[in-house]
Amino acid sequence: MDKLTYYRHTIQTLLSDYYNLNQHQNQENPICDRLALDPERDQYLWLRTGWDGKKRVQHIILYLQIQNGKIWIEEDSTNFCIADDLLNADIPKQDIILGFQHPSKRHLTEFATNSENEILLIR
């Protein structure tokens, strides 16, 4: 299996497992979770949406994407810590970018920085 196929498979498996662990929802609850896995565009999203009385609920729980052969963790509002699970799946740190960290702070993490694009963002 080539690298990108493996990354796609790993992300989809992890998100599906996380999602299934949290499916204890009441059918009458107007707030529900949705899982959107798009390996063609390399976008992977778990979100919560619905209505809480008159208040609209829209919350991204987990969002990952693959760009230029690297996995970008754009949002992780879970207790699962997907970065650790990606590492445990033998995905190297240099192929994981914490997109939720500001570009000027990413060099302080143990993960990749995507430095060529970040230089433009910081200026």
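Asp-90 sits in the loop between α2 and β5. Please bear in mind that what we are looking at is a predicted model. In this model, phi of Asp-90 is near 70°, which is a positive value in a residue other than glycine. As a general point, most residues other than glycine have a negative phi. Is Asp-90 buried or exposed? With a relative accessible area of 68%, Asp-90 is exposed.

A second residue belongs beside Asp-90. Cys-81 is not a glycine either, yet it has a positive phi of about 60°. Its place is the loop between β4, residues 70–76, and α2. Cys-81 has a relative accessibility of 32%, and therefore counts as partly exposed.

Let me now turn to the chain as a whole. It contains three helices and five strands. Following the sequence, one reads the pattern α-β-β-β-β-α-β-α. The chain has 123 residues, and 34% of them count as buried. About 7800 Å² of the chain is exposed, with carbon and sulfur atoms supplying 48% of that area. As for contacts with a separation of 6 or more, residues 24 or more positions apart account for 38% of them.

I come next to the sheet. How are the five strands ordered? They form an open sheet in the order β1-β2-β3-β4-β5, and the pairing is mixed. The edges are taken by β1, residues 31–38, and β5, residues 96–98; each has a single partner strand, so one side of each is left without a neighbour in the sheet. From one strand to the next, the twist averages 15°.

Within this sheet, let us follow two of the pairings. β1 and β2 run antiparallel and are joined by eight bridges. Strand β2, residues 43–52, also runs antiparallel to strand β3, residues 55–67, and here ten bridges join the two. Arg-48 is a convenient residue on which to fix one's eye. In β2, Arg-48 is the bridge partner of Asp-33, and in β3 the bridge partner of Arg-48 is His-59. Elsewhere in the pairing with β3, Asp-52 stands opposite Lys-55.

The turns of these hairpins also deserve a word. The hairpin of β2 and β3 has two residues between the strands, and Gly-53 there takes a positive phi near 70°. The hairpin of β1 and β2 has four residues between the strands, and in this hairpin Asp-42 takes a positive phi near 55°.

Asp-42 brings us to the charged pairs. How many salt bridges does the structure hold? There are six salt bridges in the structure. In one of them, the side chains of Asp-42 and Arg-8 meet at 2.6 Å, N to O. Arg-8 lies in helix α1, residues 3–21, whereas Asp-42 lies in the loop between β1 and β2, so this salt bridge ties together parts that are 34 residues apart in sequence. Asp-42 has a relative accessible area of 9% and is buried, because the cut-off for that term is under 20%. Arg-8, at 21% relative accessibility, counts as partly exposed.

The side chains of Asp-38 and Arg-41 form a further salt bridge, at 2.9 Å, N to O. Here Asp-38 is partly exposed, with a relative accessible area of 22%, while Arg-41 is exposed, with a relative accessible area of 56%.

Another salt bridge returns us to the loop with which I began. The side chains of Lys-93 and Glu-110 meet at 2.8 Å, N to O. Which parts of the chain does this pair link? Lys-93 is in the loop between α2, residues 82–88, and β5, and Glu-110 is in the loop between β5 and α3, residues 115–122; the two are 17 residues apart. Lys-93 is partly exposed, with a relative accessible area of 36%. The loop between α2 and β5 is also the place of Asp-90, the exposed residue of my opening remarks.

Finally, a network of salt bridges links Lys-3, Lys-70 and Asp-95. Lys-3 falls within helix α1, residues 3–21, and Lys-70 falls within β4, residues 70–76.

Notes:
Residues numbered from 1 in each chain as written. Predicted model: local features only at pLDDT ≥ 70, side-chain atom pairs only at ≥ 80, totals over all residues. Heavy atoms only, no water. Pairing = 2+ DSSP bridges. Axes fitted to C-alpha atoms, helices over the stretch in contact; angles between N-to-C directions. Salt bridge = Lys/Arg side-chain N within 4 Å of Asp/Glu carboxyl O. Buried < 20%, exposed > 50% of the residue type's maximum accessible area, 1.4 Å probe, protein only. Contact = heavy atoms within 4.5 Å. Areas by Shrake-Rupley, 256 points an atom, 1.4 Å probe, with all protein chains shown as cover.
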